[in-house]
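Here are my notes for your reading of this structure, set out as numbered points. Please keep the sequence and the 3D view open beside them as you go.

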Amino acid sequence: MIIKRKVAVVGAGMTLFRRRMLETGKEMCFEAASMAVESAGVSIRDVDAVVLGSAPDAFDGVHMKGEYLLDGAGAVGKPYTRVFVGGGTGVFAPIAGWWHVASGLFDTCLVVCEEKMSSLHPHPQHAFWGIFDHTLERPLGVNLLWIFALEMRRYMHLYGISEEEIAYVAVKNKRNALDHPCAQLAARITVEDVMRSEPIVWPIKRLDSSPPSDGAAAVLLASEDTARKICKEPVWIDGVGWSIDSAYWTNRELAYPAYLAEAARMAYRMAGIEEPRREIDVAEVYDPFSYKELHHLEGLGLADKGKAAEITVAGITERDGDMPVNPSGGLLGVGNPIAAAGMMKVCEIFWQLSGNAGKRQVKKDARTGLAQAWGDLMQFSSVIIMRS
Amino acid sequence: MREEEGVKDGQDISAKGMEHDPVEHNNSKSKRSSNNYAGIEVREDDLRDGRYMSIRYSARFRYRWDTGIAVGRFLEGLRNGKIVGSRCKVCKRVLVPPRIFCELDFAQVDEWVYVGDTGSVNTYSISYIDKQARRISNPVIVAVIELDGASQGMGIMHLLGEVRPEDVHIGMRVKAVWKSREERRGAITDIMYFKPL
Amino acid sequence: MIPKGERIGIVGVGYAGLADTKVRSAQEPSHTASSTTNTASASTNTTTTTTTPTPTAATSIRYSYKELMFLAARMAYEDAGIVDVRSKDRISFICSTEDFWEGNMISDEYMPDQLGAVLRPLCTVAADGLYGLITGFMQIRSGLVDVAVVEAHSKLSDVVSKKEIARFALDPVYVRGIYPEIDPYFIAGLEMNRFLYETGNSRESCAKVVSKNKGNALANPRACYASSVDISLVLSSPIVAYPLTSMEISSYADASIVVVLASEHKARMLKGSTDGIVWIDGVGWCSDTPWINDRNLADALYASLAAEMAYKMAGIEMDEPSKYIDLAEIDDTFSYKELQHMEALRLCRKGEASRLVEDGCTAMDGYMPVNPSGGSLGVGYLVEATGLHRVLEAVLQLRGMAGSMQVHGARRAVVQSWRGLPTASGAVAILSSNDS
Ligand SMILES: [Zn+2]
């Protein structure tokens, strides 16, 4: 594969993640975008194109919300596109930004991800009712968490994993989040706390799941020439991949994320990665529920099938472990404003690889990082590989 | 904002603040203060006390979907108390719910078959909340059920009934419980739930 | 200019739809409009779609959007010379959808199966289909993939609450707050009034656009609203938002359109030669402010900036692009939009659009045919599929396969889309069959 141009992340920014924010979606976009642009030492006039990532319109309560948010994202008078792949959007939007620059069409591209979930009353959950098939599933009185609980149960069953083992993920991520200044649900908890928290849709318990949140995050991308001019520590996007599985989710084996294996294969191939476990120094994998971190580590080939729980319990994925996973605190700790949460992971890898993660900096010398997100009817994944 | 006496248009009023200045009143970090991250948190009591203005808008969108060829057949089958699948000539899979295309080999599918209304539980969960995320007193058991006569792994989502949550297990044999012929409308809810066989 | 050898070509187009589905619902037994209504008992009415590469409107009312997509995709793959889409490596799929038009909150999840995209890279751009085409263009150009499949559809006959959804796109605080029941068409009225005032174009020429496009559509098998109307009828139709009359507004239709793009090397391999390949010479897109009150309502700034980018990429001189272009398929969601977009695309100078239309220069046999397909006014408004439909019409023209709509000697076309009310966003593509 001959990629036309190298692309770097040269700046990143985000807002606090909170259950409800005073700022509108536009205002949050502005805060994150301007922080990303300022951190690169440039101005919005230096931005050639803008990509926006945001999940369902139903949250903000605006149809075609990309059009509504565009001035906040700094896109007035510029080529501007909103991409949308459900929960995978946060890592997919920078991939879209990547091809804006890699194609040679633009030298810089600002990528902004936003989610304002609190606008929807009585509960953001309601938006997800509409993700089910309108004829065959919605009449059953569906709740979004059903499908995740079904997937978690299948995963536990096939590989013989216990709820306690899965709870370790929540404990680790919420603790990591104590060092994240934007975090919504940072906490020092124990496996017993997770096990005692009330079941929402068994086997998912309250402390196994990430909260609905408001927030925004952004990165500025630049071509190689531009990046070297404006940035001391550019972080290169060396691999991108995404894949989607069938919408007939009840016809699939839920225990293993085949779509993620495909997305990872695409990204690894582009980045020339042959042994991901040896080559990936730090990973931000999508963790809206604690079991998903394990599921995704297996799909990414960072753990054997059914073995991710073992390495988690052994502490290998801790911030000072051999393969730190979600040193940011992840969605479980920092919060889950859907698209912005995925983008937060890309920001974290940027900060980790440029040595700017502060108290969250992983112990090992991190040169290669990975961010991943997941969405739709448990069928889509996006993967990005970055190197310093 | 309170009414300002003697303030000319264009005059800077930012120092005067709002009646409830979010920066003053908010317990969380104020805008770009101690760290570099923006955002003002609104708490439940802020809303309750009317500290901030908000607007309400309710929308209800209605749709009337064409079921299409395949799902149309499926619903017609349900009305008659039967579950309809379609069979792909290329990979020979029996697909449920049926479609006129096979996603794995991108072939047209036009052969229709009945499958059984019995099957086994592929996975299940127990829901303590409704679709608005409110807690419910009687939890609902949800399952993916692999139907007999469909290809392996071809499941549909439905509810389980006449069984206690603790007695459900993966691999459990179940059978559809249908509404009466008069009550059936050609909808997935023509099957009320699946019960242990 | 994109150097030869590095170009990206359109190698296949597919269409499935029906002119009239539920648009002519008067003849249909009325169904209660609930969130799900069964229109089953399909077995008796399964008209098949033509599978020849000449797309026509011949499908049954009973196809679901998924089934329409499947039929369009199959036709496009056949046209592109793709025998087995599932065996292709380095292929990407792009859909253009907006959730509320779909009635699914994360609409991209329902896209892969019917396109042959299971376990392949597929994504959604929440925009017009022309943005989807541009996304594929960038993906191929970056070196990531060789082939990109772009799909967009309209199944608005499934949507009961069209007006409520359109209103839901307005700013929730400022605009919806002014008058909650307002019809978003008021924005078109504001624009049209200011446009006519500033440019001196006439209401009569706007009506002439309607007459021309509906007339052109008579030759288009994909058109739902073809008719012979004269301008007095248009002007005397009820006013919706002054000065816009009801006949100056395009009406909804259903269709799915699939377009297959390939790198130059791959395109030649698939087609065996350069015959039938339509090259993408330039693309551009742009958004103006979302604040209706802050925009210059007379000019379609988004369109002029998008065109500037596309012309530059295609090596077209900005002072007189019409010299380089044989036909235009441009947005005519409302009658005045065609005139406004002609001026924004510099197909004529500001204030001249009326004269061009009056003189017949934009007619099928004029020197610059505009919307020979019949446009949205004649074919029907396909929401996010509108731009991709224009691409399909332009491809047929440039291949010389447009039948009785054929513009003689058409070698280069400009295609333009607008995202509709209340947006100021749109895209432009320059297509050519010129292989010299
Ligand atoms: Zn098959």
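1. Strands, as named in these notes, are DSSP runs of at least two residues, numbered from the N terminus. With that in mind, Pro243(C) can be placed in the loop between strand E5 (239-241) and strand E6 (244-245) of chain C. Please remember throughout that this is a predicted model.

2. The peptide bond that leads from Tyr242(C) to Pro243(C) is cis, with omega near 0°. Another cis peptide bond joins Trp202(A) and Pro203(A), where omega is about 10°, and Pro203(A) lies in the loop between strand E5 (199-202) and strand E6 (204-205) of chain A. Such places deserve a second look, because most peptide bonds are trans and most residues other than glycine have a negative phi.

3. The sign of phi brings us to Glu162(B), which is not a glycine and yet has a positive phi of about 55°. Glu162(B) is found in the loop between strand E8 (155-160) and strand E9 (173-178) of chain B. Is Glu162(B) buried or exposed? Its relative accessibility is 53%, so Glu162(B) counts as exposed, the cut-off for that class being over 50%.

4. Leu119(C), also not a glycine, has a positive phi of about 60°, and its place is in the loop between helix H2 (99-102) and strand E3 (122-125) of chain C. Leu119(C) has a relative accessible area of 24% and is therefore partly exposed.

5. In chain B, three strands form an open sheet in the order E2-E1-E5, with antiparallel pairing. The edge strands are E2 and E5 of chain B, each of which pairs on one side only. Strand E1 (residues 83-87) of chain B is mostly covered, since 4 of its 5 residues are buried.

6. How many bridges join E1(B) to strand E5 (residues 111-115) of chain B? There are 5 bridges between these two antiparallel strands, and within E5(B) the bridge partner of Gly85(B) is Val113(B). On the side of strand E2 (residues 94-95) of chain B, the antiparallel pairing with E1(B) runs over 2 bridges, with Ser86(B) partnered by Leu95(B) and Arg87(B) standing opposite Val94(B).

7. E1(B) and E2(B) form a hairpin with 6 residues between them, and in the turn Lys92(B) has a positive phi of about 70°. Helix H3 (residues 68-79) of chain B lies across E1 and E5 of chain B, and it runs at about 145° to E1(B).

8. For helix packing, please look at helix H4 (residues 89-102) and helix H15 (residues 338-353) of chain A, whose axes come within 6 Å and cross at roughly 65°. The contact is made by Thr89(A), Gly90(A), Val91(A) and Pro94(A) from H4(A), and by Ala339(A), Gly342(A), Met343(A) and Val346(A) from H15(A). Sorted by class, this contact has 5 nonpolar, 3 polar and no charged residues.

9. The structure holds 6 cavities of 30 Å³ or more, and the largest cavity has a volume of about 370 Å³. It is lined by 29 residues, of which Asp133(A), Leu136(A), Tyr248(A), Val71(B) and Lys66(C) are the closest to its centre. At least two lining residues each come from H3 and strand E8 of chain B and from helix H1 (65-80) of chain C, and by class the lining has 17 nonpolar, 5 polar and 7 charged residues.

10. The second largest cavity has a volume of about 180 Å³, and among its 20 lining residues Tyr68(A), Ala169(C), Asp171(C), Pro290(C) and Pro422(C) lie nearest its centre. Its lining divides into 11 nonpolar, 4 polar and 5 charged residues.

11. Pockets should be considered apart from cavities, and the second largest pocket has about 760 Å³ of space. Of its 36 lining residues, Gln125(A), Ser209(A), Ser210(A), Pro211(A) and Pro212(A) are the closest to the centre. H6(A) gives the most to this lining, with 3 residues, and the lining as a whole has 24 nonpolar, 7 polar and 5 charged residues.

12. Finally, please find Arg167(C) in helix H4 (residues 162-167) of chain C. Because its relative accessibility is 9%, Arg167(C) counts as buried. Leaving aside neighbours within four places in sequence, Arg167(C) is in contact with Tyr57(B), Arg176(C), Pro180(C), Glu181(C), Ile182(C) and Pro184(C).

Note on methods:
Residues numbered from 1 in each chain as written. Chains lettered and ligands numbered in written order. Predicted model: local features only at pLDDT ≥ 70, side-chain atom pairs only at ≥ 80, totals over all residues. Heavy atoms only, no water. Buried < 20%, exposed > 50% of the residue type's maximum accessible area, 1.4 Å probe, protein only. Pairing = 2+ DSSP bridges. 1 Å grid on protein atoms, 1.4 Å probe; cavity = no way out; pocket = protein on both sides within 12 Å on 5 of 7 lines; lining within 4 Å. Points joined across faces, edges and corners; volume = space filled by probe spheres on them. Nonpolar A, V, L, I, M, F, W, Y, C, P; charged D, E, K, R; others polar. Contact = heavy atoms within 4.5 Å. Axes fitted to C-alpha atoms, helices over the stretch in contact; angles between N-to-C directions.
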